[in-house]
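I'm opening a fresh notebook page for this one. I'll pick a few spots, look each one up, and jot down what turns up.

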Amino acid sequence: MQPGLTLILSVIVLGFCCLWQAGQACQSIEQRFKFDNSDIYLRLRRGDKLQYELMKGSRSLQTVTLDNFVTNNNLEATTTGSYKLSDGTTSIEFSLVKSTNSVTHIRVARDQVIKGTQPRDCLALNTGRTHWYGGSEQKQHYWPVERQQYSNFSYVPKELGNMAVAERYWVNSDGFFLYVDNTTPLFIDQNAVGHEDQLCISALSVLPYDPRLSSAKFSYQLAFAKDAKAAHMYAVESLLGKPTGYPDERMVQHPVWSTWALYKAEVTDEVVRDFAKQIVDNGFENSQLEIDDDWEDCYGALTFRKNKFPDAKKLTDDLKALGFRVTLWIHPFINNNCTAIYETAKQLGYLVLDHEGSADTQWWNSKPKDAAYLDFTKTAVQEWFTTRLKRLQTEDGIDSFKFDAGETSWIPTDPVLQGDANQTPLQITTDYVRTVAAFGDVIEVRSAQNTQDLPIFVRIVDKDSEWGWNNGLVTLITSLLQMNLNGYPFVLPDMIGGNGYNEKPPNKELFLRWLQANVFMPSLQFSFVPWNFDDETIEISKTFTKLHSDYTPYIMKLFKRATTTGEPVNAPLWWIAPNDAVAQSIYDEFLLGDDIIAAPVVTEGATKRDIYLPEGQWTDGNGSAVYTGPVWLMEYPAPLNTLPYFVRVGFQLD
């Protein structure tokens, strides 16, 4: 018998025929192979498509379909305790990473994916029985995520679909997670034709990955725990990591005020001063005032345009005298018409080039081929960019920065990047974010890639001033939950009321419901302002900005907890009741820590809503009633000045 090999069945069952049912194919189930010093087994199932099954004792943990891997070979033990399965050209290696009473962790790897081939492995979603979470940020951000659809979709941070945060991680309500390693040129199929009710992962060395690799890697990790919470906490410990610090407290306590949504690119010294005066005159606090788009001489210059801002230092000094910190919108592009800095960067080799030597790309403030992207995979570029930003601080009085973009889709197609070619193009996002994170705890970024350790806010990508799944208010909550379960607990929600794109600013109702939804999130960010509506809007806005401020000590406590345990700040409702089937499906409520349930109104025209409370005793935040969960509160009254929320009995706000 081979080392570590345990023959469970005395005979290999070959050609075994199942009892036929409509639409069901015949399968043969082979002997189980036992991993050394464990009760974990691996076995093959042969039918229309080859499958492997992972088992703990007699219990099946997961069955994975090898969609296009064909072989009659058997599993073979290796000298390291793993098992290999070969088709004569390539092989799959199965390794037991960890096996305890609480966790089983398996790694599945192909180290030689031949160019031109696309191995694909598929898991059943079991929609209707199992719920899935995690995955990427999305414009139409359904939650749970099993409803989403993809077909041969490249899985990188990109502009398409607002996919700025796209960790390769999914966890489900059965206590199972899937994590795909960064060296895999990952494509996914979910609910695609031929793969209905499946999540399929595949590897293919074509753009946007490096198409020049003669062979690629395809590796992923599967883990099993008692429930989704336990599985996620193990993922944090073993793969995702946790933050090493946390953002600035003032950014939590008081609102960020941005010029963007209200003024767009029409910013000047006069506009900024007037904006600041309005904030002060209307009696609102601030963490900072952010000067957004079109302050530069030209895009990429990183110098103030004198005909808009004659004396930037005097402006920032005057704003600070009013009690504001001043931050500035920054991006990683240089437009071609920004001639001097563009030519300097080009001559220094600081621009991302494609394999033909062209730096041409496009972003939202350029035409096609009229811009370039700084190559943050080069140390010299990181230092050069940092030095230029520090000049804005020392000479112009800027306190900190809002860093935009960072997704891989902004760089030239087929780029030449430094670092491991197996991680192209992911490293451009990682290196950009790590470069700018050095500016401290008052910054914000909007993209991320394996940067969960950084003590900074990650901003949700721009939302539209809509209510529904079309990038509207309800997706503010689902994006918040996704980011927390990607390992990013310091979430900066987007502008209150959305961005007002397509000449569609928020009305009073949407503005106030958006503010209410933000209250128990980590930070508030205004651009549209309450006083542009009416006095009632001002008073309601002050009530909820104060409520948020009052909970700052608890939010900071949760920030500190995240650095210790890696737990989310805003988790889905099932976090405190992992086996509650109702809580597993809730998308329009969320937690702050373990003690606050927020249930904002996210439906246009609604003045009441149904609310689910999981197990525990909960005090109505708008009164003194106490409810014992699990329980539904039907038609809870919520007029425009009311945010439904509930506090765990015994909780005290420090």
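Entry 1, a surface spot. I note up front that this is a predicted model. I began with M634, which I found in strand β33, covering residues 626-637. Buried or exposed, I wondered about M634? Its relative accessible area is 52%, and the cut-off for exposed is over 50%, so M634 counts as exposed. I then checked the company M634 keeps: V582 and W632 join M634 in a nonpolar patch on the surface. Together the three have about 280 Å² of accessible area.

Entry 2, a helix residue. Next I looked up E383 and landed in helix α7, residues 379-396. With a relative accessible area of 51%, E383 is exposed, because exposed means over 50%. I also took one distance, from E383 to G605. In sequence they are 222 residues apart, and from C-alpha to C-alpha I get 52 Å in space.

Entry 3, a loop residue. I moved on to D67, which sits in the loop between β5 (59-66) and β6 (76-77). Here the relative accessible area is 14%, and buried means under 20%, so D67 is buried. What does the side chain of D67 make a polar contact with? I traced it to the side chain of K49, at 2.6 Å. Setting aside neighbours within four places in sequence, I listed what D67 is in contact with: K49 again, plus R120, C122 and H195.

Entry 4, a covered strand. I spent the rest of the session on strand β14, residues 176-180. How many of its residues are buried? I count 5 of 5. I recalled that side chains in a regular strand alternate between the two faces of the sheet. So I sorted β14 by face, and both are covered: F176, L178 and V180 are buried on one side, F177 and Y179 on the other.

Entry 5, the strands paired with β14. Strand β13 (residues 169-172) runs antiparallel to β14, and 3 bridges join them. I picked out one pair there: W170 has L178 of β14 as its bridge partner. The hairpin of β13 and β14 has 3 residues between the strands, and in this hairpin I spotted G175 with a positive phi near 90 degrees. Then I turned to β17, residues 215-224, which is also antiparallel to β14 and is joined to β14 by 5 bridges. Which residue of β17 is the bridge partner of Y179? I found Q221. Y179 is also one of the buried residues from my face list.

Definitions and conventions:
Residues are numbered from 1 along each chain as its sequence is written. This is a predicted model: local features need pLDDT of at least 70, side-chain atom pairs count only at pLDDT 80 or more; totals for chains, interfaces and linings use all residues. Side-chain values use heavy atoms; hydrogens and water are left out. Patches are made of residues with over 30% relative accessible area and no salt bridge: like charges are joined within 9 Å, nonpolar side chains (Val, Leu, Ile, Met, Phe, Trp, Tyr) within 5 Å. Accessible areas come from the Shrake-Rupley method with a 1.4 Å probe; for residues, only the protein chains shown count as cover. A salt bridge is a side-chain nitrogen of Lys or Arg within 4 Å of a carboxyl oxygen of Asp or Glu. Buried means under 20% relative accessible area, exposed over 50%, partly exposed in between (1.4 Å probe, protein chains only). A polar contact is a pair of N or O atoms within 3.5 Å; within protein, one must be able to donate a hydrogen and the other to accept it, and residues adjacent in sequence count only if both atoms are side-chain atoms. Contact means heavy atoms within 4.5 Å. Two strands pair if DSSP finds at least two bridges between them.
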